[in-house]
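Here is a short report for a reader who is new to this structure. It takes the ligand site, then two loops.

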Amino acid sequence: MLDDFNQDINSFFSLHGKCALVTGASRGIGYAIAGLLAHYGATVIGTATTMAGVERIQALLANIHHTDFNEKYGTGILLDVTDSENISQVFASIEERYGAPLILVNNAGIVRDQLCLRMKEEDWNAVIQANLTGAFSVTRRALKGMLKARWGRVVNIGSASAALGNAGQVNYSAAKAGLEGFSRALAREVASRGITVNVIAPGFIETDITRQFSEEQVAQMLSSVPLGRMGKPLEVALLVHFLVSEAAGYITGATLPINGGIVMG
Ligand code: NDP
């Protein structure tokens, strides 16, 4: 408990001895999260859908630990969050090598933007499956280990799009709003077991998703951001680190915004 300033306050932020699973860690926000959690001492398992992504994660972990890639600090692993069988295999492999991950960051996500009237059912389904059903499937499997340990941290990466309802994103806004409802309900189910469940809702962050925008789209986007710039993946990762650390043990069922002031209050 944080009730005595004579104790080592820094220890509340250390992740030494914890195994963290970060989905979609090959690039963007997930890459920064994987790197930062490793920096704070976690054994990080970062997932990617390609071998090139797996290698990128392994190079990141090697870089953080100033050594050649060494499995003892964690690893990159292939995972498609929409494939339940793949999820079972990946957890079996992680648990055998590292023990159960007690920190889970559901970061994997995709966009398939289109106006509702023109949106194909397959684009609706793909976005719901990757952003919402994927998080449900991975979390359900991860809970087993957390319940046993009576400690766990689940952080789901939502989006400001859930609250704002961006035009052209009915699938994405629905998936991310769904993730918030999922997180609040789950937070109530598992609170008595020492497990917290929270959402981080970023606004515009500089990644492959936002790099697809034209200069005109970026200018229009930034005109709605009081702080006048996009966020950095590392800024999101710093918030994730706080939520998964011991320091945030009294926060659950929350959606924390990180959006330069697009949504206030
Ligand atoms: P990127 O497109 O840069 O990265 C997406 C990551 O998700 C990649 O690692 C990708 O893996 C992985 N991924 C995609 N589909 C699957 C799948 N089916 N199974 C497993 N992994 C998958 O995205 P960002 O870093 O920008 O976004 C990360 C999260 O943040 C997403 O949930 C996104 O919705 C959210 N977000 C982003 C914002 C932004 O402005 N960038 C704003 C608000 C929220 P691979 O490389 O192998 O394809």
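The text below starts with the ligand and its surroundings. The model is a predicted one.

**The ligand shell**

There are 31 residues around the ligand. Those that come nearest are Ser26, Arg27, Thr49, Tyr172 and Thr207. By residue class, the shell divides into 13 nonpolar, 14 polar and four charged residues.

Polar contacts to the ligand include these:

| Ligand atom | Protein partner | Distance |
|---|---|---|
| oxygen | serine 26, N or O atom in the side chain | 2.5 Å |
| nitrogen | valine 81, polar backbone atom | 2.9 Å |
| oxygen | threonine 207, N or O atom in the side chain | 2.5 Å |

How much of the ligand does the protein bury? Taken alone, the ligand exposes 900 Å², and the protein buries 92% of that.

Helices also contribute to the shell. Helix H1 (28-39), helix H6 (170-190) and helix H7 (208-211) are the elements that each give two or more residues to the shell. The largest share, three residues, comes from H7.

**Two loop residues with positive phi**

Histidine 66 is found in the loop between helix H2 (51-64) and strand S3 (74-78). Phi of histidine 66 is near 50°, a positive value in a residue other than glycine. Is histidine 66 buried or exposed? Its relative accessible area is 74%, so histidine 66 counts as exposed, the cut-off being over 50%.

Arginine 150 is the other case. Its phi is near 55°, again a positive value in a residue that is not glycine. Arginine 150 lies in the loop between helix H4 (121-149) and strand S5 (152-157).

How values were computed. Residues numbered from 1 in each chain as written. Predicted model: local features only at pLDDT ≥ 70, side-chain atom pairs only at ≥ 80, totals over all residues. Heavy atoms only, no water. Near = heavy atom within 4 Å. Polar contact = N/O pair within 3.5 Å; in protein donor to acceptor, adjacent residues only side chain to side chain. Areas by Shrake-Rupley, 256 points an atom, 1.4 Å probe, with all protein chains shown as cover. Helix = DSSP H or I, 4+ residues; strand = E, 2+ residues; numbered from the N terminus. Nonpolar A, V, L, I, M, F, W, Y, C, P; charged D, E, K, R; others polar. Buried < 20%, exposed > 50% of the residue type's maximum accessible area, 1.4 Å probe, protein only.
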